[in-house]
Amino acid sequence: MKNKSGFASKRVLLLQGPVGPFFWNLAKDLRSVGATVFKFNFNAGDWLFYPRKAHSFKGELAQWPEVLEAFIIRHRIDAVLLFGDCRPVHACVRSMTERLGCALGVFEEGYLRPDHITFEPMGVNGHSHFEKRLAIWLKQRAHQETAPQPSHPNGPVTESWKKVGNSFWHSAMWGMLYFFAAWLGQWFWNNSLHHRSMTVRDAPWWWLSYLRKFWYRRTEKEIEHLLLGDLRKKFFLAPLQVYNDAQIVVHSNYDFVTDFINHVLHSFSRAQALERMNGVPEGGKSIADDVVVFKHHPMDRGHRNYANIISLLARRHGLQGKVLYIHDQHLPSLLKNAKGVVLVNSTTGLSALGHGAPVKVCGNALYDLEGLTFQGKMRDFWFRAHQAIPDQDMLSRFRRALIECTQINGSFYRRLSAVSWRCGAALDGQMAQRLWGGGSSVDPLLWPEEAVDPVFVSRQENQENAMPSMLQGVASVE
């Protein structure tokens with residue numbers, strides 16, 4: 001526990017965490033090193049996994065910012081920790097903590113899954129400051145230094161790195177318990193505060209997901225053989241994302257996943273028409289025999305099916321026979337054999353780069369850097385994907401920096417074996433270091449002085465004199 005001594009005497013507020021006991025055990029870890037920990041619950045699912053020494057907010061969302069600010073000031077909070085910075089109850093936190101001078105730490109699913117979780121100050125994904133700090137330096141130095149060679153798919157293995165293993169059933173179990181408890185407690189809590197519908201009526205969609213998995217395995221049995229055989233290097237893979245993911249709703253210019261589908265097919269159709277009229281552009285390669293393959297997100301299997309809309313859009317854009325829609329094929333094999341990958345901003349892009357696939361990002365992704373991804377227009381990517389093979393030295397350096405600066409070895413849903421932290425992740429003091437600075441564990445070759453940004457150092461302003469008069473909608477739970 002000595003590695004978390006940076007939290008000694010700190011006053012920490014936990015908001016909504018991942019489903020399961022991760023935040024409950026993290027609170028025990030923090031208290032064991034002298035931190036004072038507070039927690040807010042927003043529904044019965046939160047309460048199930050954090051049943052004691054917590055506060056309950058049951059008011060309306062419009063009341064929440066005033067309540068939170070009053071609480072932070074009253075209890076002299078040093079750091080706010082939360083999971084997912086785009087959730088309704090978290091949307092106001094970034095600007096508030098900046099204004100009040102306390103640190104903000106954001107957890108999110110790992111950029112490099114399955115063996116890492118994400119923890120960054122101020123924000124994640126499109127709100128991350130990581131890219132801003134390293135992009136210029138990476139571009140300048142990528143070809144000048146010898147990159148460390150990763151010994152596992154997600155980057156270098158240190159002595160403390162451990163493999164998590166399959167955590168799907170753990171997350172599924174915690175998720176079902178969480179949402180069932182939230183449904184049972186709907187009369188006592190304001191479930192509209194949550195970013196997802198929490199009703200037992202969603203249960204059939206979970207079962208539908210499992211049924212569809214077996215159905216697709218049978219009906220799409222030959223498609224993978226086709227893609228890895230006759231269509232090898234003749235297809236562009238377009239991985240889809242969960243329909244209500246913040247990566248779509250917040251961090252992209254698309255309102256819906258179907259907008260992205262339409263954009264891809266419109267662009268591909270125009271490129272094929274251009275080749276028919278004017279031939280292949282100079283330096284490009286023909287796409288006359290190529291196809292576009294949309295892959296459904298496995299976590300969205302029970303909630304959405306885009307077969308009809310993809311078929312309709314394919315006909316509208318004159319791409320009959322040029323579009324495939326798949327579900328549960330082996331993703332690494334597809335990435336290795338694709339001619340290129342087009343996506344919004346999914347972490348699948350990092351996997352694609354690792355397999356040497358050219359990638360075109362259509363949203364806001366921290367790995368969308370020159371030398372890694374295609375930087376031109378999508379209409380040019382179809383012909384020039386072969387010119388955008390990712391620089392593996394630069395990618396190795398990027399991954400190592402990404403792990404050192406944003407990732408923590410572990411899982412929210414399954415404990416690592418043989419670690420002393422009750423939460424089950426190998427924290428190694430990284431949380432406090434990222435929140436308050438005090439040195440960096442990053443190799444100097446990967447983190448030069450000129451790249452350091454003071455945004456990672458929390459402002460320590462005096463907040464003891466300000467005190468709102470009331471805390472509406474808050475009840476203490478012991």
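Reply: Let's start with pairing: two strands pair if DSSP finds at least two bridges between them. Helices and strands are DSSP runs numbered from the N terminus, with at least four residues (H or I) for a helix and at least two (E) for a strand. Before we dig in, this is a predicted model, where local features need pLDDT of at least 70 and side-chain atom pairs count only at pLDDT 80 or more, while totals for chains, interfaces and linings use all residues. Residues are numbered from 1 along each chain as its sequence is written, and side-chain values use heavy atoms, with hydrogens and water left out.

Me: OK, so in what order do the five strands of the open sheet run?

Reply: Follow β9-β8-β7-β10-β11, with parallel pairing. From one strand to the next, the twist averages 20°. Angles like this run from 0 to 180 degrees between N-to-C directions, with axes fitted to C-alpha atoms (for helices, over the stretch in contact).

Me: Which strands stand at the edges?

Reply: Those are β9 (323-326) and β11 (359-361). Each has a single partner strand, so one side of each lacks a neighbour in the sheet.

Me: How many bridges does β8 make with β9, and how many with β7?

Reply: Strand β8 (residues 291-295) pairs with β9 over four bridges, and β7 pairs with β8 over five; both pairings are in the parallel sense. To find the register on the β9 side, look for Lys-295 opposite Ile-326 and for Phe-294 with its bridge partner Tyr-325. On the β7 side, Leu-237 stands opposite Val-293 of β8.

Me: Is β8 buried or exposed?

Reply: Use relative accessible area here: buried is under 20%, exposed over 50%, and partly exposed in between, with a 1.4 Å probe and protein chains only. Five of the five residues of β8 are buried, so the strand is largely enclosed by the rest of the structure. Both of its faces are covered, with Val-291, Val-293 and Lys-295 on one side and Val-292 and Phe-294 on the other. Across the whole protein, 53% of the 478 residues count as buried.

Me: Which helix packs on the sheet, and which strands does it touch?

Reply: Contact means heavy atoms within 4.5 Å. By that test, helix α10 (residues 257-278) touches β7 (235-239), β8, β9 and β10 (340-343). The direction of α10 makes about 170° with that of β8.

Me: Where do the buried residues of α11 fall, seen down its axis?

Reply: The general idea is that an α-helix has 3.6 residues a turn, so residues three or four places apart point the same way. In helix α11 (residues 307-316), the buried residues are Ile-310, Leu-313 and Ala-314. They fall within an arc of 105° (taken from the directions from the helix axis to the C-beta atoms), so they line one face of the helix. That buried set packs against α10, β8 and β9. Turn to the face away from it and you meet the exposed Asn-308 and Arg-316. After the helix comes Gly-318, with a positive phi near 70°.

Me: At what angle do the axes of α3 and α4 cross?

Reply: Helix α3 (residues 64-74) and helix α4 (residues 93-100) cross at roughly 35°, with axes that come within 11 Å. The crossing is right-handed: the near helix is turned clockwise from the far one by less than a right angle, whereas anticlockwise would be left-handed. Pro-65, Leu-68, Glu-69, Ile-72 and Ile-73 of α3 meet Val-93, Met-96, Arg-99 and Leu-100 of α4.

Me: Which residues have a positive phi although they are not glycine?

Reply: Ser-9 and Lys-53 are two to look at, with phi of about 70° for Ser-9 and about 55° for Lys-53. Ser-9 is in the segment before β1 (11-14) and is exposed at 64% relative accessible area. Lys-53 lies in the loop between α2 (44-49) and β3 (54-57), and at 56% Lys-53 counts as exposed too.

Me: And which residues does the cis peptide bond join?

Reply: That bond links Arg-113 and Pro-114, with omega about 15°. You'll find Pro-114 in the loop between β5 (103-109) and β6 (116-121).
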